[in-house]
Amino acid sequence: MNVLIVGSGGREHALAWRLAKSPSRPKVFVAPGNAGTAREHDLENVALSDPAALADFAEQQRIQLTVVGPEAPLAGGIVNLFRDRGLRIFGPTREAAQLESSKDFAKRFMARHQIPTARFATFADRAAAHAHVEAHGAPIVIKADGLAAGKGVVVAMDQASAHAALDRILPPVPTSDAPDAGAPARVVIEEYLEGEEASFIVMVDGKNVLALASSQDHKRIGDGDSGPNTGGMGAYSPAPVVTPEVHARTMREIILPTVRGMATEGIPYTGFLYAGLMIAPDGSVKTVEFNCRLGDPETQPIMMRLKSDLLELLEHAVSGRLDRIEASWDRRVALGIVLAAANYPDTPRLGDEISGLPKGSEDSHVFHAGTRESEGRILTAGGRVLCVTTLGDNIRLAQKRAYSLIDGIRFAGMQYRRDIGHRALGR
């Protein structure tokens with residue numbers, strides 16, 4: 001069986017790596033992939049990223065299943081294109097991907113279907129947005145409406161930070177609604193929620209849902225959750241904060257109403273669905289955001305723990321049979337630590353040589369994200385460069401093993417957090 005993974009990050013490396021371990025021994029292509037996928041003996045990179053070219057490739061190579069990793073091609077309609085050409089693909093359509101590509105769409109959808117989330121207001125007018133902040137004070141949350149690679153959110157603890165975020169996102173004068181002007185810039189301003197965040201990811205076949213293992217991300221660049229938001233500096237699975245009670249409540253109050261609501265509105269949802277949760281001390285749960293794909297770096301520890309055949313799970317998903325299968329998980333904890341380039345998350349420096357990469361083992365793997373190969377050398381090619389991922393009998397052992405591996409890896413300007421897993425250690 002030929003399988004195609006679309007994307008070039010750590011999430012896609014982890015997906016392809018796990019798929020290649022299927023007992024069916026599929027041929028796994030990654031488009032465009034990275035230096036890590038290029039060096040895996042059972043994966044093959046394809047230098048393509050244009051959706052039409054990918055569809056042509058899928059036809060030529062008789063690809064029986066395509067899985068889309070990143071959000072941009074989903075928002076651009078790659079699933080619509082593949083389906084129009086009779087190609088099997090797992091992911092949401094352009095219309096369904098609005099749950100991620102438009103924060104305003106997602107918030108209004110949640111309001112229509114009584115899905116718990118923070119109170120919000122949407123603005124395209126800078127003056128009106130500033131007035132809203134003045135009226136409601138801080139802390140307050142500012143979100144760019146469109147896709148922002150996980151970095152379009154500002155949790156403003158004071159009004160000055162909120163006003164600065166608005167000035168950065170919104171133009172002084174609202175953009176024109178003329179057809180050739182593009183969509184106007186907008187922000188969603190939300191109330192600040194207290195609690196602990198977690199990632200809740202499921203597979204959806206349009207009607208049925210299969211929950212994956214829980215996980216917890218570390219968004220901010222610095223130790224102690226300090227500094228600006230990033231795409232994610234590390235993650236672990238399972239997340240102790242997602243108790244059985246929280247899991248059941250999330251399925252009942254958020255996931256299932258979302259899947260039913262999308263179907264009711266004529267936009268049936270298929271693909272991975274990620275609900276960012278805010279879990280209050282009393283166990284109540286609210287939706288921080290939706291993503292229409294697997295999280296990154298959450299995918300890396302989740303794939304390390306998955307014992308089921310991923311290809312079989314995906315086959316059930318694209319066939320509308322997720323109600324007939326369950327996923328099994330390694331009882332151990334998986335933890336992944338992101339190594340980022342110099343100057344990330346602002347303007348990451350590219351082209352630094354990476355050395356000291358360890359070989360993978362049964363309980364560890366280094367997943368590549370922003371890397372490329374040149375004349376036999378592996379160079380940095382993005383903000384988040386690697387994700388060092390390990391298994392351990394508990395969070396402390398997984399953490400110790402991951403940091404031990406990091407000690408041998410080198411590239412100029414390498415930065416990483418030294419407290420990944422701190423919330424779990426404190427429980």
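This is a guided tour of a predicted model, with suggestions for what to select at each stop and what is found there.

**First stop: strands S16 and S17**

Begin by selecting strand S17, residues 285-291, together with strand S16, residues 270-279, which runs antiparallel to S17 and is joined to it by 6 bridges. If you colour S17 by burial, you will find that the strand is mostly covered, since 6 of its 7 residues are buried. To see how the two strands are set against one another, pick Ala275, which stands opposite Phe290 in S17. The two strands form a hairpin with 5 residues between them, and in that turn you can select Gly283, whose phi is positive at about 90 degrees.

**Second stop: the cavity beside S17**

Keep Phe290 selected, for it is also one of the residues that line the largest cavity. How many cavities of 30 Å³ or more does a search of the whole structure find? The search finds 1, and the space in the largest cavity comes to about 40 Å³. To show its lining, select Leu99, Lys103, Ala106, Lys107, Met110, Lys143, Glu190, Val288, Glu289 and Phe290. Helix H7 (103-112) and S17 each give at least two residues to this lining, and the largest share, 4 residues, comes from H7. Colouring the lining by class brings out 5 nonpolar and 5 charged residues, with no polar ones.

**Third stop: Glu196 in strand S10**

Move next to Glu196, which has its place in strand S10, residues 196-205. Is this residue buried or exposed? Its relative accessibility is 11%, and Glu196 counts as buried because that value falls under the 20% cut-off. Now add Gln216 to the selection and look at the side chains, where a polar contact of 3.0 Å joins Glu196 and Gln216. Once neighbours within four places in sequence are set aside, the contacts of Glu196 are with Gln216, Val241, Leu277, Met278, Ile279, Arg423 and Arg427. Of these names, Leu277, Met278 and Ile279 lead back to the first stop, as strand S16 covers residues 270-279.

**Fourth stop: Pro238 and its cis peptide bond**

Select Ser237 and Pro238 together, and look at the peptide bond that runs from the one to the other, which is cis with omega near 0 degrees. Pro238 sits in the loop between strand S15 (234-237) and helix H10 (244-264). With a relative accessible area of 31%, Pro238 is partly exposed. Setting aside neighbours within four places in sequence, you can show its contacts by adding Ser214, Arg305, Arg332 and Val333. It is also worth selecting Ala334, which is 96 residues away from Pro238 along the chain, while their C-alpha atoms are separated by 7.5 Å.

A second cis peptide bond can be found by selecting Ala138 and Pro139, where omega is about 5 degrees. Pro139 lies in the loop between helix H8 (126-136) and strand S7 (140-144).

**Fifth stop: strand S22 and its partners**

From Val333 and Ala334, follow strand S18, which covers residues 333-340 and pairs with S22 in the antiparallel sense over 8 bridges. Strand S22, residues 384-392, is mostly covered, with 8 of its 9 residues buried. Selecting Leu335 will show you the residue that stands opposite Thr390 in S22. Strand S19, residues 364-368, also pairs with S22 in the antiparallel sense, in this case over 5 bridges. Here the residue to select is Phe367, which stands opposite Cys387 in S22.

**Last stop: two residues with positive phi**

Where does Asn343 lie? Asn343 is in the loop between S18 and S19, and although it is not a glycine, its phi is positive at about 75 degrees. At 45% relative accessibility, Asn343 counts as partly exposed.

Finish by selecting Asp225, which is likewise not a glycine and has a positive phi of about 55 degrees. Its place is in the loop between strand S13 (220-222) and strand S14 (226-229), and with a relative accessible area of 26% Asp225 is partly exposed.

How values were computed: Residues are numbered from 1 along each chain as its sequence is written. This is a predicted model: local features need pLDDT of at least 70, side-chain atom pairs count only at pLDDT 80 or more; totals for chains, interfaces and linings use all residues. Side-chain values use heavy atoms; hydrogens and water are left out. Buried means under 20% relative accessible area, exposed over 50%, partly exposed in between (1.4 Å probe, protein chains only). Contact means heavy atoms within 4.5 Å. Two strands pair if DSSP finds at least two bridges between them. On a 1 Å grid over the protein atoms alone, a cavity is a set of points where a 1.4 Å probe fits but cannot get out, and a pocket is an open set with protein on both sides within 12 Å along at least five of seven lines; lining residues have an atom within 4 Å of a point. Grid points are joined across faces, edges and corners, and a volume is the space filled by probe spheres set on the points. Ala, Val, Leu, Ile, Met, Phe, Trp, Tyr, Cys and Pro count as nonpolar, Asp, Glu, Lys and Arg as charged, and the others, Gly among them, as polar. A polar contact is a pair of N or O atoms within 3.5 Å; within protein, one must be able to donate a hydrogen and the other to accept it, and residues adjacent in sequence count only if both atoms are side-chain atoms.
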